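Me: I am new to this structure and would be grateful for a close look at one part of it, namely the paired strands and the helices that link them. Please then set that part in the context of the rest of the chain.

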Amino acid sequence: MSDEGGKGQFAVELKENERIDDLQRNGYKIIQNKDKFCFGMDAVLLSGFAQVKPGDQVIDLGTGTGIIPILLEAKYEGKHYIGLEIQEEMAEMADRSVRLNGLEGKVEIVKGDIRRARELFGLSVFDVVTCNPPYMNDAHGLKNPELPKAIARHEVLCTLEDVVREGAGILKPGGHFFMVHRPHRLIEIISALVRYKLEPKRIKMVHPFVDKDANMVLIEAVRGGKSMVKVEPPLVVYRDVGVYTDEIYQVYGY
């Protein structure tokens with residue numbers, strides 16, 4: 001089974017249980033597998049929160065489907081975007097999405113371990129690092145910790161410490177680190193960032209509804225930055241059941 005790319009240039013093969021979704025940006029599409037792992041709103045919100053300057057070298061750690069580098073390429077004039085992914089099947093699927101959109105030369109998917117990012121890419125290489133890491137730090141009780149969804153959601157193959165350490169190492173001085181995570185780990189996150197000389201600069205809480213507690217937090221830090229943080233107005237996802245707020249529609253590009 002095959003499908004044409006968003007720019008009508010490339011055909012790619014779809015495997016069992018895979019589908020192609022329209023990203024509503026530049027005509028881009030993405031391949032997903034409902035039985036493995038599909039990107040969530042957290043990845044889309046991170047791509048809307050992150051900022052890339054013309055000529056920037058950008059890497060997304062634990063890229064999964066490749067959604068973040070593809071969306072960032074659609075929005076910004078960065079020089080080159082890399083998605084690092086440890087799961088071979090996921091990396092191969094993300095690479096097919098890159099080819100589906102004709103983005104070879106702009107977006108590259110690299111199979112590799114976040115814990116070895118400094119070894120893989122070298123020190124002080126990137127202007128921007130993004131990451132939507134596993135949120136759950138207790139993997140005990142998982143029936144199969146090798147399943148793709150478990151690896152994506154639980155700290156099975158990397159920890160918060162690994163992400164921050166390696167992200168800081170491959171980031172240039174003055175470079176920007178963007179991450180989405182869970183609010184209940186905010187103190188732990190900030191402590192890790194500061195420990196590796198990533199100074200928090202922007203924090204934005206995400207609430208499912210205006211009267212509900214935040215369930216996501218977006219964070220920007222700068223390597224070697226001065227100590228000053230801005231807590232931005234919160235982002236509310238839904239104004240009613242099944243109805244996004246205007247800000248969410250803007251992030252999605254509608």
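**The parallel strands and their surroundings**

Reply: Strand β6, residues 80-85, pairs with strand β7, residues 107-111, in the parallel sense over 5 bridges. Two strands are said to pair if DSSP finds at least two bridges between them. Helices (H or I, at least four residues) and strands (E, at least two) are DSSP runs, numbered from the N terminus. The model is a predicted one, in which local features need pLDDT of at least 70 and side-chain atom pairs count only at pLDDT 80 or more, while totals for chains, interfaces and linings use all residues. Residues are numbered from 1 along each chain as its sequence is written, and side-chain values use heavy atoms, with hydrogens and water left out.

Within this pairing, Tyr81 has Val107 in β7 as its bridge partner. Helix α3, residues 88-100, forms a right-handed β-α-β unit together with β6 and β7. A crossover is called right-handed if, with the strands pointing away from the viewer, the path from the first strand over the helix to the second runs clockwise.

Strand β6 also pairs with β5: the two run parallel and are joined by 5 bridges. In this pair, Asp60 stands opposite Gly83 in β6. Here again there is a right-handed β-α-β unit, made by β5, helix α2 (residues 67-75) and β6. Strand β5, residues 57-61, is mostly covered, with 4 of its 5 residues buried. Buried means under 20% relative accessible area, exposed means over 50%, and partly exposed lies in between (1.4 Å probe, protein chains only). In a regular strand the side chains alternate between the two faces of the sheet.

Strand β5 has a further partner in β8, with which it runs parallel over 4 bridges. Leu61 of β5 has Cys131 as its bridge partner in β8. Cys131 counts as buried because its relative accessibility is 1%. Cys38, by contrast, is partly exposed, with a relative accessible area of 22%. The structure holds 0 disulfides, a disulfide being a pair of cysteine sulfur atoms within 2.5 Å.

The loop between α4 (117-121) and β8 (126-131) contains Leu123. With a relative accessible area of 60%, Leu123 is exposed. Leaving aside residues up to four places away in sequence, Leu123 touches Arg118 and Gly169, where contact means heavy atoms within 4.5 Å. The C-alpha atoms of Leu123 and Gly167 are separated by 9.7 Å, although these residues are 44 apart along the chain.

Gly167 and Gly169 are both among the buried residues of helix α6, which also include Leu160, Val163 and Ile170. Because 9 of the 11 residues of α6 are buried, this helix is largely enclosed by the rest of the structure.

Helix α7, residues 186-195, has four residues to consider: Leu186, Ile189, Ala192 and Leu193 are buried. They lie on the same side of α7 because they cover an arc of only 130° around the axis, the arc being that of the directions from the helix axis to the C-beta atoms. The elements that cover the buried residues of α7 include α6 (160-170), β9 (171-181), β10 (198-207) and β11 (216-223). After α7 comes Lys197, whose phi is positive, near 65°.

Positive phi values also occur in the loop between β3 (18-22) and β4 (29-33), where Gln24 is found. Gln24, a residue other than glycine, has a phi near 60°. Its relative accessible area of 39% makes Gln24 partly exposed. Asn26 has its place in the loop between β3 and β4 too, and phi of Asn26 is near 55°, likewise a positive value.

Further along the chain, strand β14 (residues 238-240) includes Asp240. Asp240 is partly exposed, with a relative accessible area of 47%. Between the C-alpha atoms of Asp240 and Phe209, which are 31 residues apart along the chain, the separation is 7.7 Å.

Finally, the chain may be considered as a whole. Its secondary structure comes to 8 helices and 15 strands. Of its 254 residues, 49% count as buried. Among contacts between residues at least 6 apart in sequence, 69% join residues at least 24 apart. The accessible surface comes to about 12000 Å², and 51% of it belongs to carbon and sulfur atoms. Accessible areas come from the Shrake-Rupley method with a 1.4 Å probe; for residues, only the protein chains shown count as cover.
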